[in-house]
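Hello,

Here is the structure I promised to pass on to you. Please have a look at it first, and then read my notes underneath.

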Amino acid sequence: QIQSNTALDINNRTLLGSTLGLDLDQSGNSFIGLGSFWEAEFYGISPNAKGLRANAMFASEWSGDVVEWTVLVYYQPYWMNLNDYRAIINSDFRVEVSESIEIGTSLSSRFDSRPHSNLFPWDFSLLTTLRYSFNKS
């Protein structure tokens with residue numbers, strides 16, 4: 001994975017890792033995962049960071065006739081210092097208003113126990129969407 005995030009002052013974040021997952025129910029809609037990844041982060045202000053993190057995650061999805069809800073939870077401590085960790089929660093909720101119109105909202109919350117570049121430990125984002133499909137088949 002390669003990414004950047006100007007709101008978090010990350011010019012480049014590169015990671016490589018693996019996670020093994022286990023389904024929690026027979027439908028496959030909920031699972032947990034454990035793994036590890038190596039990451040390198042290059043910041044605009046702070047010194048760069050590299051290291052090996054653990055990754056514990058939970059994911060779940062629920063779908064009704066016109067409603068869909070998903071949640072992802074991550075806990076990612078550094079192996080060499082378990083007090084240096086990140087916790088991330090992403091939640092998406094979508095409602096199909098008609099065959100062509102969908103309304104959705106996404107909430108993301110991120111906590112970093114040792115934030116860089118004088119950032120706050122907590123970061124929140126909320127995104128609301130209105131989607132219109134011209135061709136729905």
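Below is what I found, going from the overall fold to the side chains.

Please keep in mind that this is a predicted model. The protein has 137 residues, of which 28% count as buried. Its C-alpha trace spans about 50 × 35 × 25 Å along the principal axes. Among the contacts between residues at least 6 apart in sequence, 40% join residues at least 24 apart.

**The sheet**

The secondary structure is easy to sum up: 8 strands and 0 helices. The 8 strands form an open sheet in the order 1-2-3-4-5-6-7-8, with antiparallel pairing. Strand 1 (2-5) and strand 8 (122-132) are the edges; each has a single partner strand, so one side of each is left without a neighbour in the sheet. From one strand to the next, the twist averages 25 degrees.

Some of the pairings can be followed residue by residue:

- Strand 3 (residues 30-43) and strand 4 (residues 49-63) are antiparallel and share 12 bridges. A hairpin of 5 residues connects strand 3 to strand 4, and F37 stands opposite R53 in strand 4.
- Strand 4 also runs antiparallel to strand 5 (residues 67-78), with 9 bridges joining them. Here the hairpin goes through 3 residues, and W62 has W69 in strand 5 as its bridge partner.
- Strand 7 and strand 8 pair in the antiparallel sense over 11 bridges. One to look for is T105, whose bridge partner in strand 8 is T128.

As background, strands of a sheet pair through backbone hydrogen bonds, either parallel or antiparallel.

**The aromatic residues**

How many aromatic pairs does a search of the whole structure find? It finds 5. Y85 and F111 make a tilted one, with 5.8 Å from centre to centre and 40 degrees between the planes. Y85 belongs to strand 6 (residues 81-96) and F111 to strand 7 (residues 101-112), so this pair ties together parts that are 26 residues apart in sequence. Y85 counts as partly exposed because its relative accessibility is 25%, while F111 is buried, with a relative accessible area of 18%.

Another pair, W122 with F124, is stacked: the centres are 5.7 Å apart and the planes 5 degrees. W122 is partly exposed at 48% relative accessibility, and F124 counts as exposed at 54%. Ring pairs link these four residues and Y75 into a cluster, made up of Y75, Y85, F111, W122 and F124.

R53, which you met above opposite F37, also takes part in a contact with a ring: its charged end sits over the ring of Y78, 3.9 Å from the centre of that ring.

**The nonpolar core**

Which residues make up the largest nonpolar core? There are 5 residues in it: L8, I10, Y43, A49 and Y78. Y78 is therefore both a core residue and the ring beneath the charged end of R53.

Y43 is worth a click in your viewer. Leaving aside residues up to four places away in sequence, Y43 touches D9, I10, N11, N48, A49, R86, H116 and S117. I10 and A49 in that list are core members as well.

I hope this gives you a good start, and do write back with any questions.

Best wishes

Note on methods
Residues are numbered from 1 along each chain as its sequence is written. This is a predicted model: local features need pLDDT of at least 70, side-chain atom pairs count only at pLDDT 80 or more; totals for chains, interfaces and linings use all residues. Side-chain values use heavy atoms; hydrogens and water are left out. A nonpolar core is a set of buried Ala, Val, Leu, Ile, Met, Phe, Trp, Tyr and Cys residues joined through side-chain atoms within 4.5 Å. Buried means under 20% relative accessible area, exposed over 50%, partly exposed in between (1.4 Å probe, protein chains only). Contact means heavy atoms within 4.5 Å. Two strands pair if DSSP finds at least two bridges between them. Helices (H or I, at least four residues) and strands (E, at least two) are DSSP runs, numbered from the N terminus. Rings of Phe, Tyr and Trp (its six-membered ring) pair if their centres lie within 6.5 Å; planes under 30 degrees apart count as stacked, over 60 as edge-to-face and the rest as tilted. A charge sits over a ring if NZ of Lys or CZ of Arg is within 6 Å of the ring centre and within 35 degrees of the ring normal. Axes are lines fitted to C-alpha atoms, for helices over the stretch in contact, and angles run from 0 to 180 degrees between N-to-C directions.
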